[in-house]
Amino acid sequence: MIPAAPLPTQPRRWQQLWRDAVRDPRELLDLLGLQAQALGLSPEAAAQFPLRVPRGFVARMRPGDPTDPLLRQVLPLDDELRPAPGFGLDAVGDGAAKAGHGVIQKYAGRALLVATGSCAVHCRYCFRRHFPYAEETAAAGGWGAALAAIRDDASIEEVLLSGGDPLSLSTAKLVELTDALRGIPHVRRLRIHTRLPIVLPERVDTELTDWLSALPWPLVIVVHANHANEFDGEVDAAMRRLRATGAVLLNQAVLLKGVNDRVETLAALAERGLEAGVLPYYLHQLDRVAGAAHFEVDDATALALHAALVARQSGYLVPRLVREVAGDTSKRALTGTPDGRLAPPVA
């Protein structure tokens, strides 16, 4: 007897929305009623780092506004092609911190898994836009090499899932990982860094929340929003579903010129995040990756913005202003010193 062929698996709603993402910069501008020439759209920049943005995220952009802060984060422009001293391919020293296949270990007690190279949105300032994902993804080979690296290092108490975006993987693939991690006794915490609940909130479906709810460790989910307009009713609902799993929700943002480099904008981001149940965590100074120099805010301006935010916001609504410096043992707090240099790393 010839066995019947299995029926094709139907994609879940979030997967279909992922496939339907806008990938043509001119289509994106047409949807917003904007002209490519006026904005400095760059086909060459798009060829180097392709556009991808879910249509639900596009719907939060302001039609007819070439300065829209959400559009600015995703649109490939001529600015990316201008040489910029001090900007390189590996801005934060990921290569030197490799501890195993798809495993990066920079800080004591923690290991980061580059779970996948896929993201639902391609942010133009992404510090891993040049990362060699084809050779370095932890999910390859059933997570075997990454798990071995964690198992062999008893100092690792916390596992961070990053990428790309770890939630771009199927929930079944994530279950495969956490089922294996359960057998490593020194792993005590799990952290997930993800932009999907912001740009594609449909990803937070019942299958995902059932998995999260069943995890045996304290769970922290760090989402990534840079502007209050990234939140809407769908995102709020996704955050409620995540909170219901028992996860602690934090937001990290990147300080970006033309996006959120005003104190009113940063305050609105923190307040809107709180409405959705997310507390501010980090405000990152830009990682100096090639192609992102036009987003950079100088340190003096960053410090002034942060000081103004401290003066007007409750402490729990003020993120830590930090920079990642290759070789440091932690994120570096950005504070003034008498000689004008950055402060030393903090624990």
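What is the order of the 10 strands in the open sheet? The views below start there, and keep in mind that this is a predicted model.

**View 1. The open sheet, strand by strand.** The 10 strands line up in the order 1-2-3-4-5-6-7-8-9-10, and their pairing is mixed. Strand 1 (98-100) and strand 10 sit at the edges with a single partner strand each, so one side of each has no neighbour in the sheet. Helix 8 packs on this sheet and touches strand 3 (110-114), strand 4 and strand 5. The direction of helix 8 makes about 170 degrees with that of strand 4. As background, strands of a sheet pair through backbone hydrogen bonds, and the pairing can be parallel or antiparallel.

**View 2. Strand 5 and its two neighbours.** Start with strand 4 (residues 158-162), which pairs with strand 5 in the parallel sense over four bridges. If you want one pair to look for, V159 has L190 in strand 5 as its bridge partner. Now look towards strand 6 (residues 219-224): strand 5 runs parallel to strand 6, and four bridges join them. Here I192 is matched with I221 in strand 6. Is strand 5 enclosed or open? Four of the five residues of strand 5 (residues 189-193) are buried, so the rest of the structure largely encloses this strand.

**View 3. From strand 6 on to strand 7.** Strand 6 and strand 7 also pair in the parallel sense, this time over five bridges. To find one of the pairs, pick V220 and look for V248, its bridge partner in strand 7.

**View 4. A β-α-β unit and a helix pair.** Follow the chain through strand 4, helix 8 (residues 171-181) and strand 5, and you've traced a right-handed β-α-β unit. Helix 8 also has a helix beside it to look at. Two packed helices are described by the angle between their axes and the distance between the axes. For helix 8 and helix 10 (residues 206-214), the axes come within 10 Å and cross at roughly 10 degrees. An angle under 35 degrees counts as roughly parallel, so helix 8 is roughly parallel to helix 10. Which residues meet between the two helices? On the helix 8 side they are T171, L174, V175 and T178, and on the helix 10 side E207, L208 and W211. The spacing in lists like this is easier to read with one rule in mind: an α-helix has 3.6 residues a turn, so residues three or four places apart point the same way.

**View 5. Helix 11, capped and covered.** At the N-terminal end of helix 11 (residues 233-243), D232 acts as a cap: one of its side-chain oxygens lies 3.1 Å from the backbone nitrogen of E234. Which residues of helix 11 are buried? They are V235, D236, A237, A238, M239 and L242. Their cover includes helix 9 (196-199), helix 10, strand 6, strand 7 (248-254) and helix 12 (263-275).

**View 6. N260, tucked into a loop.** N260 belongs to the loop between strand 7 and helix 12. Its relative accessible area is 0%, so N260 counts as buried. A polar atom of the N260 side chain lies 2.9 Å from the backbone oxygen of V254. On the L256 side, the backbone nitrogen lies 2.7 Å from a polar atom of the N260 side chain. Leaving out residues up to four places away in sequence, N260 touches N226, V254, L255, T265 and L266.

**View 7. Two backbone oddities.** Most residues other than glycine have a negative phi, and most peptide bonds are trans. W143 isn't a glycine, yet its phi is positive, at about 70 degrees. You'll find W143 in the loop between strand 3 and helix 7 (144-151), and it is buried, with a relative accessible area of 0%. The other spot is the peptide bond from G163 to G164, which is cis, with omega near 25 degrees. G164 is in the loop between strand 4 and helix 8.

**View 8. Two more buried loop residues.** D328 is in the loop between strand 9 (320-323) and strand 10 (332-333). With 13% relative accessibility, D328 counts as buried. Its side chain is joined to that of R332 by a polar contact of 2.8 Å. Q313 is in the loop between helix 13 (299-312) and strand 9, and it is buried too, at 11% relative accessible area. Leaving out residues up to four places away in sequence, Q313 touches A267, A270, E271 and V318.

Notes. Residues are numbered from 1 along each chain as its sequence is written. This is a predicted model: local features need pLDDT of at least 70, side-chain atom pairs count only at pLDDT 80 or more; totals for chains, interfaces and linings use all residues. Side-chain values use heavy atoms; hydrogens and water are left out. Buried means under 20% relative accessible area, exposed over 50%, partly exposed in between (1.4 Å probe, protein chains only). A polar contact is a pair of N or O atoms within 3.5 Å; within protein, one must be able to donate a hydrogen and the other to accept it, and residues adjacent in sequence count only if both atoms are side-chain atoms. Two strands pair if DSSP finds at least two bridges between them. A crossover is right-handed if, with the strands pointing away from the viewer, the path from the first strand over the helix to the second runs clockwise. Axes are lines fitted to C-alpha atoms, for helices over the stretch in contact, and angles run from 0 to 180 degrees between N-to-C directions. Angles under 35 degrees count as roughly parallel, over 145 as roughly antiparallel, 65 to 115 as roughly perpendicular and the rest as oblique. Contact means heavy atoms within 4.5 Å.
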